[in-house]
Amino acid sequence: MSANEYNILSARFGRDDGHKISVYEAEGGYTALKKVFADMKPGEVTDQVRESGLRGRGGAGFPTGVKWGFVPEGSEEVYFFVNADESEPGTFKDRYCLDYDPHQTLEGTIISCFAVKAKLAFIYIRGEFGWLVDRCQAAVDEAYAAGYLGKNILGSGFDLDVIVHKGAGAYICGEETGLINSVEGVKGQPKIKPPFPAVSGFLDKPTIVNNVESVASVPWIINHGAEAYKAFGTEKSCGTKLWSVSGPVKNQGVYEVPLGMPFKEFFHDYLGGMVEGEELKAVIVGGSSVPVLPAAEIMSCNLDYESLQNAGTMLGSGGMIIIPESSDMVELIQVLMHFYYDESCGQCTPCREGTGWLHKIVKKMRRGEGTTDDIELLGHVCDGMMGLTICPLSDAAVMPMRSFIDKFRPEFEALIQETAPAEPSSRWPRGEQE
């Protein structure tokens, strides 16, 4: 199949004019919004999205329509956030959506707000994406001028304002409660849940936070119906998915394919295989926070939520990092541990201290100072981090760390100096030697 066959989300990717409202309207843009206002009630929109099987594309994979349904009935003040704080290493598909086709996300935002009865929406954009702020603001301005935003949109009686909000470059603000805190003007740190944002979020009011890709899928679902969307993908992983692909393959970039496609097919038919002189060693399939899979294991996987989970990894955000045989896996995990150490907000002790220790130990090993108990120590630190923090950042460091050791242990063992004296027991956390 050609890489252009699936275009629910990517029809205008790569075009110089795709971001303009005139182009979007000429190709069917905003017809879904008009259909909603003419024929549908908010609950019917939510039902349609729920029936489509659309799942959150930011990493968690939670059913989008189900999430909308958590807003308490009769809520008078509801807010909606589009999460464009795309900071997961290896992931850049939301950037494509907003750069090449911002009106598709904007139309999806308006429909989503109608469904949950929100009258104010924020598009929260990663701080480093300065040009996307301008791109999105221009799209919002065009939508206001065309009557798709503001008071009494298209004579429907529905009011909606949209604010484009620029973050300050913090990875932690990709977590929905950290994002909400950031917009409220306080430190961008996650909150304990429950209560969940759908019940008490922005300004303590019901708030829905959806990823860009999730929101951008909504207009197609409304226009074509839930069953048409479910025709793509698998029974539990419905629809198409955007994959951001980096690494030494012949065809890097962002690809839209139906969920459930065999990785082997995607790798050969879409990515063109490895560049000349390289062999596939491993793949981080869903962004840097998911477990790595060696080449032999990923080649037998399908690209959907359930298949990847059964293989011991996660679909995540679809940030696919292709790793060649020439790569040093310990060096790669050191780079990742430095990222998570640097991006920890410091609120939770296991994360604040644990990410630092993981980075420090791996860095020590790469200096040639590894000892016989360093690998065991890495596992011990991971045990003190996993599932013990407010948000998943700590887990996001542990999962790749454990998988790199499990799948590529000989590369860690090669750094151990057998003649080095054993470290004193005082290097262990207090109480461990007792």
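"Buried" here means under 20% relative accessible area. Keep that cut-off in mind for the close-ups of this predicted model.

**View 1. F158 shares ring pairs with F37 and F114.**
A pair of aromatic rings is described by the distance of the centres and the angle of the planes. The whole model has 25 aromatic pairs. In one of them, F37 and F158 meet in a tilted arrangement, with 6.2 Å centre to centre and 50° between the planes. This pair ties together distant parts of the chain: F37 belongs to helix 2 (residues 31-39), F158 to the loop between helix 7 (130-146) and strand 3 (161-166), and 121 residues separate them. Are F37 and F158 buried or exposed? Both are buried. F158 also pairs with F114, this time edge-to-face, at 5.5 Å centre to centre and with 85° between the planes. That is another link between distant parts of the chain, as F114 sits in helix 6 (residues 102-116), 44 residues away from F158. F114 is buried, just like F158.

**View 2. Y6, W220, Y229 and F232 make a ring cluster.**
Look for the four side chains Y6, W220, Y229 and F232 here: ring pairs link them into a cluster.

**View 3. Two arginines sit over aromatic rings.**
Which ring lies under the charged end of R55? It's the ring of Y305, and the charged end is 3.9 Å from its centre. Now find R126: its charged end sits over the ring of F129, 4.9 Å from the centre.

**View 4. Helix 3 has its buried residues along one face.**
Helix 3 runs over residues 42-52, and its buried residues are P42, V45, T46, Q48, V49 and S52. Why do we say they line one face of the helix? Seen down the axis of helix 3, the buried residues fall within an arc of 160°, so they line one face. What covers these buried residues? The cover includes helix 2, helix 4 (64-68), helix 6, helix 9 (212-224) and helix 10 (226-230). Just past the end of helix 3 comes G53, with a positive phi of about 80°.

**View 5. Two cis peptide bonds follow each other at K193, P194 and P195.**
Most residues other than glycine have a negative phi, and most peptide bonds are trans. Here, though, the bond from K193 to P194 is cis, with omega near 0°. The bond from P194 to P195 is cis too, with omega near 5°. P194 is found in the loop between helix 8 (176-184) and strand 4 (207-211), and P195 lies in that loop as well. F196 is another residue of this loop. F196 is partly exposed, at 47% relative accessible area. Check its distance to E176: the two are 20 residues apart in sequence, and 9.6 Å apart in space from C-alpha to C-alpha.

**View 6. N152 and D204 have positive phi values.**
N152 isn't a glycine, yet its phi is positive, near 50°. You'll find N152 in the loop between helix 7 and strand 3. N152 is partly exposed, with a relative accessible area of 42%. D204 also has a positive phi without being a glycine, near 65°. D204 is in the loop between helix 8 and strand 4. Why does D204 count as exposed? Its relative accessibility is 57%, and exposed means over 50%.

**View 7. C238 and C391 stay unbonded.**
A disulfide is a covalent bond between the sulfur atoms of two cysteines. How many disulfides does the model have? The count is 0. For C238, the closest cysteine sulfur is in C97, 19 Å away, which is too far for a bond. C238 is buried, at 4% relative accessibility. For C391, the closest cysteine sulfur is in C345, at 6.2 Å, and that's too far as well, because the cut-off for a disulfide is 2.5 Å. C391 is buried, with a relative accessible area of 12%.

**View 8. Residues 424-434 have pLDDT below 50.**
Overall, the mean pLDDT of the protein chain is 94, and 95% of its residues reach 70 or more. Over residues 424-434, however, the pLDDT is below 50. This stretch has 12 contacts in the model beyond near neighbours in sequence. Where pLDDT is low, the predicted coordinates should not be read in detail.

Key
Residues numbered from 1 in each chain as written. Heavy atoms only, no water. Phe/Tyr/Trp six-rings, centres within 6.5 Å; stacked < 30°, edge-to-face > 60°. Helix = DSSP H or I, 4+ residues; strand = E, 2+ residues; numbered from the N terminus. Buried < 20%, exposed > 50% of the residue type's maximum accessible area, 1.4 Å probe, protein only. Lys NZ or Arg CZ within 6 Å of the ring centre and 35° of its normal. pLDDT = per-residue confidence, 0-100. Contact = heavy atoms within 4.5 Å. Arc of directions from axis to C-beta.
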